[in-house]
Amino acid sequence: MADESNLGPVTADPETVTDVKIPTKKPKSPRRQKAVAEPAQSKTAAKPRRYSEHERNEKLQLIETQVSEGKGTLKDAIKGAGISEQTYYQWKKTAKPVEQKAEKPVATGDEFADLVALEEENQRLRKRLAEKLRAENADLRKRLGLD
């Protein structure tokens, strides 16, 4: 008897096969041509502008006055001065430490005595606070029955 479960390779009769459409890819539309390269002179970056310390301070003061008078936002004032935000913040960072050092007064004998008195008062207040917290903690423990 022949094994009917194994049919072997299946071949199609050329007469029974109908016209099967094989999917074809769409033809691609032509790519856009790249822009014509500009001459090398226009691609060179402009030489960065270097401002003197005096010019920097003037621009920073101009920006601060515009913002404090309410003539616009900080960003508007910075753009009006003709610099970038990064430049503004870098200039401000380098300008501030010099001003802070100059404004910081040297402590005198009277100021030192005041500082010592303030530190003593601070210690006294800390002790009072610690005592109050201990008392409240003990009271809470009694109410909860933990002691």
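**Figure 1. Overall view of the protein chain, which has 5 helices and 0 strands.** In this predicted model, the elements run α-α-α-α-α when followed from the N terminus. Of the 147 residues of the protein chain, 7% count as buried, and the accessible surface comes to about 14,800 Å², of which carbon and sulfur atoms hold 54%. Among the contacts with a separation of 6 or more, 34% are made by residues that stand 24 or more positions apart. The mean pLDDT of the protein chain is 80, and 70% of the residues reach 70 or more. Among the elements, the lowest mean pLDDT, 56, belongs to helix 1, and the highest, 93, belongs to helix 5.

**Figure 2. Close-up of the largest nonpolar core, a set of 9 residues.** The members are Leu60, Ile63, Ala77, Ile78, Ala81, Ile83, Tyr88, Trp91 and Ala95. Two or more residues of this core come from each of helix 2 (53-68), helix 3 (74-81) and helix 4 (85-103). Tyr88, one of the core residues, counts as buried at 3% relative accessibility, and, once its neighbours within four places in sequence are left aside, Tyr88 is in contact with Leu60, Ile63, Leu74, Ile78 and Ile83.

**Figure 3. Close-up of Ala77, a residue of helix 3.** Ala77 is buried, with a relative accessible area of 4%, and belongs to the largest nonpolar core. Not counting residues up to four places away in sequence, Ala77 touches Ile63, Gln66 and Val67; of these, Ile63 is also listed in the core. The view can be extended to Lys59, which lies 18 residues from Ala77 along the chain and whose C-alpha atom is separated from that of Ala77 by 9.7 Å.

**Figure 4. Close-up of the aromatic pairs, whose count comes to 2.** The rings of Tyr51 and Trp91 have centres 5.2 Å apart and planes at 75 degrees, and because this angle is over 60 degrees the pair is edge-to-face. Tyr51 lies in the loop between helix 1 (40-43) and helix 2, whereas Trp91 lies in helix 4, so the pair ties together parts that are 40 residues apart in sequence. Trp91 is itself buried, with a relative accessible area of 7%. The rings of Tyr88 and Tyr89 form an edge-to-face pair as well, with centres 5.1 Å apart and planes at 70 degrees. Within this pair, Tyr88 counts as buried at 3% relative accessibility, whereas Tyr89, at 42%, counts as partly exposed.

**Figure 5. Close-up of helix 5, which covers residues 109-144.** At 1.5 Å a residue, the 36 residues of this helix should span 52 Å, and the end C-alpha atoms are 53 Å apart, which agrees with that expectation. The expected value rests on 1.5 Å times one less than the number of residues. Helix 5 is followed by Gly145, whose phi is positive, near 80 degrees. The mean pLDDT of helix 5, 93, is the highest among the elements of the protein chain.

Note on methods
Residues numbered from 1 in each chain as written. Predicted model: local features only at pLDDT ≥ 70, side-chain atom pairs only at ≥ 80, totals over all residues. Heavy atoms only, no water. Helix = DSSP H or I, 4+ residues; strand = E, 2+ residues; numbered from the N terminus. Buried < 20%, exposed > 50% of the residue type's maximum accessible area, 1.4 Å probe, protein only. Contact = heavy atoms within 4.5 Å. Areas by Shrake-Rupley, 256 points an atom, 1.4 Å probe, with all protein chains shown as cover. Core = buried A, V, L, I, M, F, W, Y, C linked by side-chain atoms within 4.5 Å. Phe/Tyr/Trp six-rings, centres within 6.5 Å; stacked < 30°, edge-to-face > 60°. pLDDT = per-residue confidence, 0-100.
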